[in-house]
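Thank you for making the time today. I would like to walk you slowly through one structure, so please keep the sequence and the picture in view while I talk.

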Amino acid sequence: MKLKGLKVKDLRNLAEVNLDLCPHLNVILGLNGSGKTSLLEGIHLVSLARSFRTQQNRPLVRHGTNELTVFALIESPSGVHKLGVRKNSKGETALRLDGQKAKNSSALASLLPIQLITPSSHELLESGRKQRRAFIDWSLFHVKHDYLELWQRYVRTVRQRNAALHQSQQAAIVWNEALLKYGEEINRERQQFVVSFSMLVAPYIQQLLDNISIEFDYYPGWAKGKDFSQALADSQESEKSMGYTTVGPHRADLRIRIDKHPAIEILSRGQQKLLVCAMRLAQLEHLRLETGKTGVVLIDDLPSELDSEHRSRLLSLLEKTGAQVFVTATESELIDTTVWPAVKVFHVEHGQVKEVVQ
Ligand SMILES: Nc1ncnc2c1ncn2[C@@H]1O[C@H](COP(=O)(O)OP(=O)(O)OP(=O)(O)O)[C@@H](O)[C@H]1O
Ligand SMILES: [Mg+2]
């Protein structure tokens, strides 16, 4: 998967940008407020139909205009694809894939698997479990073609069961069979992923965090040692007081520990960022091993929190994954490009993006 070309119109301060991209490393340089993050936001938008900075359309649309568009040309094993997204300040979003309307973003997302690393990436370790479930589900979505549908069925069943619970616990029983069927399947897939992932991530942790030993443990969303049906049967009391389904994969977590303590309590901020990078690298490798696909990695403000030694190590590990990488920084000296077979450098100034001919 390689992003060959990108056209952006009226996204934040980017009035009109038209770029031919490098299949390996793309370095985006510019002063604060020049438009670097906005450019990464454009790539994120065309894959996932949403920004990583806001849920709303209005802040994304360039002041004085009513809509933004992003087009991307993707080279994939199935050929060249054209992806497009249009968002207007009324909150409407339209997606296009190869000249046709696309109903939802999953077809675009599967053509352009995106990994994002930002100065807030440590939130994966720090914030609620939802983000860590999303981390696991990112891999399963890209690797198992029916996983999204399975997850959607499960979520619908939880919703219907919760609505029934508002009437009575008796009324909710009718949904138990479907809940257990979909829930157990999701649990199996996630457990398997975490086992493979734990093996893949270990060498990256070793190289980025020296010899810190980190354990990854999947918590299924109910007490360990029970199966889902037992946990559901045992949850009647809590269900009654809470009024919703209190056990299941919608409550799962990926627990990340060092010597039985949550990793977040021990690691420095830079180490937290490096751990998240190691996790993303392992995900990319898992994707490549399972599907042959290489991802696209967006790293906003690579230098933040990282010293030059760790920046170089990270870039060199990224190069080995075969991923196409986009990094932003304020100065070129901060990015060590030596190991890359090809590099393009872009300079951003007041929303204008120009390739720097080297
Ligand atoms: N809707 C909008 N319309 C026009 N300009 C906007 C809009 N939203 C934000 N901006 C401006 O866009 C510019 C680009 O912001 P961006 O976050 O991309 O900068 P950056 O190059 O990543 O900066 P930094 O190095 O500080 O992270 C900012 O100057 C901001 O004021
Ligand atoms: Mg920025």
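Let me begin with strand 3, residues 25-30, which pairs with strand 14 in the parallel sense over six bridges. Within that pairing, G30 has V348 of strand 14 as its bridge partner. I should say at once that what you are looking at is a predicted model, and I would ask you to hear everything that follows in that light.

Where do strand 3 and strand 14 sit in the wider sheet? They belong to an open sheet of six strands in the order 8-12-13-3-14-15, and the pairing in that sheet is mixed. At its edges are strand 8 and strand 15, each of which pairs on one side only. From one strand to the next, the twist averages 20°. As general background, strands of a sheet pair through backbone hydrogen bonds, and they may do so either parallel or antiparallel.

Let me stay with this sheet and turn to strand 12, residues 296-299. On one side, strand 12 is joined by four bridges to strand 8, residues 114-117, and the two run parallel. Strand 12 also pairs with strand 13, residues 324-329, again in the parallel sense and over four bridges. If you find L298 in strand 12, you will see that L116 stands opposite it, and that L298 also stands opposite F326 in strand 13. Which way do the residues of strand 12 point? V296 and L298 point one way, while V297 and I299 point the other way, and all of them are buried. The connection from strand 12 to strand 13 deserves a look as well, since together with helix 12, residues 308-321, these strands make a right-handed β-α-β unit.

There is also a second sheet to consider, an open one of three strands in the order 9-10-11, with antiparallel pairing. Its edge strands are strand 9, at 215-219, and strand 11, at 261-262, each pairing on one side only. Strand 9 pairs with strand 10, residues 253-258, in the antiparallel sense over five bridges, and in this pairing F216 stands opposite I256 of strand 10. Helix 7, which covers residues 176-209, lies across strand 9 and strand 10, and runs at about 180° to strand 9.

Next, the ligand. Ligand 1 is surrounded by 15 residues, of which the closest are N13, N32, G33, T37 and S38. Which element gives the most to this shell? That is helix 1, residues 36-48, which contributes three residues. By character, the shell around ligand 1 divides into two nonpolar residues, 10 polar ones and three charged ones.

Finally, I would like to point out two residues for their backbone angles. D10, which lies in strand 1, residues 2-11, has a phi near 60°, a positive value in a residue other than glycine. H350 is likewise not a glycine, yet has a positive phi of about 45°, and is found in the loop between strand 14, at 343-349, and strand 15, at 352-356. Are these residues buried or exposed? D10 counts as buried, because 20 other C-beta atoms lie within 10 Å, whereas H350 counts as exposed, because it has 12 other C-beta atoms within 10 Å.

Technical notes:
Residues are numbered from 1 along each chain as its sequence is written. Chains are lettered from A and ligands numbered from 1 in the order in which they are written. This is a predicted model: local features need pLDDT of at least 70, side-chain atom pairs count only at pLDDT 80 or more; totals for chains, interfaces and linings use all residues. Two strands pair if DSSP finds at least two bridges between them. A crossover is right-handed if, with the strands pointing away from the viewer, the path from the first strand over the helix to the second runs clockwise. A residue is near a molecule or strand if its C-beta atom, placed from the backbone, lies within 6 Å of it. Ala, Val, Leu, Ile, Met, Phe, Trp, Tyr, Cys and Pro count as nonpolar, Asp, Glu, Lys and Arg as charged, and the others, Gly among them, as polar. Two residues are in contact if their C-beta atoms, placed from the backbone, lie within 7 Å. Axes are lines fitted to C-alpha atoms, for helices over the stretch in contact, and angles run from 0 to 180 degrees between N-to-C directions.
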